[in-house]
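Thanks for coming. I have one structure to show today, and I will keep to what can be read from the coordinates.

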Amino acid sequence: MILQKLPYELTVCKLGSEKDFQQVLLNSDFYFIGKTDEELSLVCRTEDVPQNTTERDDGWRGFRIQGTLDFSLIGILSKISGILAENKIGIFAVSTFNTDYILVKKENFDRAIEALAKADYIIENRYN
């Protein structure tokens with residue numbers, strides 16, 4: 001399985017209301033918006049964080065599972081998170097229709113990549 005590094009730092013944010021999303025840079029090449037009955041969340045490039053966030057956690061790096069994952073596939077994220085947990089590396093996962101993104105704190109990023117490479121994952125430096 002191929003994992004592709006994202007070439008930028010990310011921030012996980014919390015917004016106060018739906019109108020706060022108006023400041024999200026929708027033309028940016030990476031952002032993820034989540035809305036539930038309890039919160040409004042945003043994951044974006046650190047340089048793109050809106051000024052109106054109510055909370056933020058900087059210092060994340062990430063990679064994505066290359067390709068489109070079929071919904072019938074089982075255990076892909078579980079295996080990756082298990083390898084990282086064995087190496088005492090916490091994750092923040094984001095899933096989209098096509099694939100999964102795994103974020104780790106930047107101080108753990110190199111160790112995460114090493115652990116996954118040791119487990120026979122192919123790591124690519126380029127993100128398209």
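I will go through the overall layout, then one helix, then the charged side chains, and finally two backbone angles.

First, the ground rules. This is a predicted model, in which local features need pLDDT of at least 70 and side-chain atom pairs count only at pLDDT 80 or more, while totals for chains, interfaces and linings use all residues. Residues are numbered from 1 along each chain as its sequence is written, and side-chain values use heavy atoms, with hydrogens and water left out.

On confidence: pLDDT is the predictor's confidence in each residue, from 0 to 100. The chain has a mean pLDDT of 85, with 84% of its residues at 70 or more. Among the elements, helix 2 has the highest mean, 96, and strand 3 (residues 31-35) the lowest, 86. Where pLDDT is low, the predicted coordinates should not be read in detail.

Now the layout. The chain has two helices and eight strands; helices (H or I, at least four residues) and strands (E, at least two) are DSSP runs, numbered from the N terminus. Their order from the N terminus is β-β-β-β-β-α-β-β-α-β. Of the 128 residues, 41% count as buried. Buried means under 20% relative accessible area, exposed over 50%, and partly exposed in between, with a 1.4 Å probe and protein chains only. Taking contacts with a separation of 6 or more, 70% are between residues 24 or more positions apart; contact means heavy atoms within 4.5 Å.

Next, helix 2, residues 109-118. Which of its residues are buried? They are Phe109, Ala112, Ile113, Ala115 and Leu116. Looking down the helix axis, these buried residues fall within an arc of 165 degrees, so they line one face of the helix. The arc is taken from the directions from the helix axis to the C-beta atoms. Asp110, Glu114 and Lys118 are exposed on the other side. What do the buried residues pack against? Their partners are strand 1, strand 5 (53-65), helix 1 (76-86), strand 7 (100-105) and strand 8 (122-124).

Asp110 comes up again with Lys5, which sits in strand 1, residues 2-5. Lys5 is buried but has no salt bridge, and the nearest side chain of opposite charge, Asp110, is 5.6 Å away. For charge, Lys and Arg count as positive and Asp and Glu as negative; His and the chain ends are not counted. A salt bridge is a side-chain nitrogen of Lys or Arg within 4 Å of a carboxyl oxygen of Asp or Glu. What Lys5 does have is a side-chain polar contact of 2.9 Å with Asn125. A polar contact is a pair of N or O atoms within 3.5 Å; within protein, one must be able to donate a hydrogen and the other to accept it, and residues adjacent in sequence count only if both atoms are side-chain atoms.

How many salt bridges are there in the whole structure? The search finds six. One joins the side chains of Lys106 and Glu9, at 3.4 Å from N to O. That pair links distant parts of the chain, 97 residues apart: Lys106 is in the loop between strand 7 and helix 2, and Glu9 is in the loop between strand 1 and strand 2. Lys106 counts as partly exposed at 43% relative accessibility, and so does Glu9 at 33%.

Another salt bridge is between Asp57 and Lys105, at 3.1 Å. Asp57 belongs to strand 5 and Lys105 to strand 7, so the pair ties together parts 48 residues apart in sequence.

Arg45 forms a salt bridge with Asp29, with the closest N and O atoms 2.9 Å apart. Arg45 is in strand 4 (residues 40-45) and Asp29 in the loop between strand 2 and strand 3, 16 residues apart. Asp29, Arg45 and Glu47 are linked in a network of salt bridges.

Last, the backbone. Most residues other than glycine have a negative phi, and most peptide bonds are trans. Lys88, in the loop between helix 1 and strand 6 (92-95), has a positive phi of about 60 degrees. Lys88 is exposed, with a relative accessible area of 72%. Asp120 also has a positive phi, about 75 degrees, and lies in the loop between helix 2 and strand 8. At 66% relative accessibility, Asp120 counts as exposed.

That is the end of my part.
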